[in-house]
Amino acid sequence: MVYKVKNYIKEYREKKGMSQGNLAELCNVSRQTINAIENNKYDPSLQLAFDIAEKLRVRIDKLFISKGVEKSEY
């Protein structure tokens with residue numbers, strides 16, 4: 001079994017009416033970084049993950065969920 005992390009940044013960001021650019025500015029990263037994280041192309045550092053959760057005012061365990069998948073599905 002392989003564990004993959006899914007994030008819900010886009011969903012929480014959109015609920016707040018926030019653009020990727022707004023969130024990026026608050027977290028001192030580029031909009032492209034936020035886009036890559038939302039699309040699971042880049043895993044944020046632990047510090048950035050906490051920063052994103054803080055700016056979105058959501059618990060980090062609600063924002064990032066680890067799911068086990070079979071190796072064949074990976």
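In this predicted model, helix α3 has four buried residues, namely Ile 34, Ala 36, Ile 37 and Glu 38. The elements that cover these buried residues include strand β1 (2-7) together with α1, α2 and α4. Helix α3 itself spans residues 31-38, while α1 comprises residues 9-15 and α4 residues 46-56. After α3 comes Asn 40, which has a positive phi near 55°.

Glu 38 merits separate description. This residue belongs to helix α3, and its relative accessible area is 11%. Glu 38 counts as buried because that value falls under the 20% cut-off. Its side chain forms a polar contact of 2.6 Å with the side chain of Arg 13. When residues up to four places away in sequence are set aside, Glu 38 touches Asn 7, Ile 9, Lys 10, Arg 13 and Gln 20. Arg 13 is thus both a neighbour of Glu 38 and its partner in the polar contact.

Gln 20 leads to the second helix. Helix α2 covers residues 20-27, and Gln 20, Leu 23, Ala 24 and Cys 27 are its buried positions. Why do the buried residues of α2 line one face of the helix? Viewed down the axis of α2, they fall within an arc of 100°, and therefore they share one face. In general, an α-helix has 3.6 residues a turn, so residues three or four places apart point the same way. The cover over the buried residues of α2 includes α1, α3 and α4. Helices α2 and α3 therefore each appear in the cover of the other's buried residues. Asn 28 follows α2 and has a positive phi, near 60°.

Turning to the aromatic residues, the number of aromatic pairs is 0. Two lysines nevertheless lie over the faces of tyrosine rings, as listed below.

| Lysine | Tyrosine ring | Distance from the ring centre |
|---|---|---|
| Lys 6 | Tyr 8 | 4.9 Å |
| Lys 15 | Tyr 12 | 5.1 Å |

Lys 6 is part of strand β1 by its residue range, 2-7, and Lys 15 is part of α1, which covers 9-15.

The annotation comes last. An unreviewed UniProt entry assigns the domain "HTH cro/C1-type" to residues 9-63. Within the model, this span is 69% helix and 0% strand. The C-alpha atoms at its two ends lie 6 Å apart. Helices α1 (9-15), α3 (31-38) and α4 (46-56) have residue ranges inside the annotated span, as does α2 (20-27).

Notes:
Residues numbered from 1 in each chain as written. Predicted model: local features only at pLDDT ≥ 70, side-chain atom pairs only at ≥ 80, totals over all residues. Heavy atoms only, no water. UniProt positions renumbered as here; feature names shortened; annotations may be inferred. Buried < 20%, exposed > 50% of the residue type's maximum accessible area, 1.4 Å probe, protein only. Arc of directions from axis to C-beta. Contact = heavy atoms within 4.5 Å. Phe/Tyr/Trp six-rings, centres within 6.5 Å; stacked < 30°, edge-to-face > 60°. Lys NZ or Arg CZ within 6 Å of the ring centre and 35° of its normal. Polar contact = N/O pair within 3.5 Å; in protein donor to acceptor, adjacent residues only side chain to side chain.
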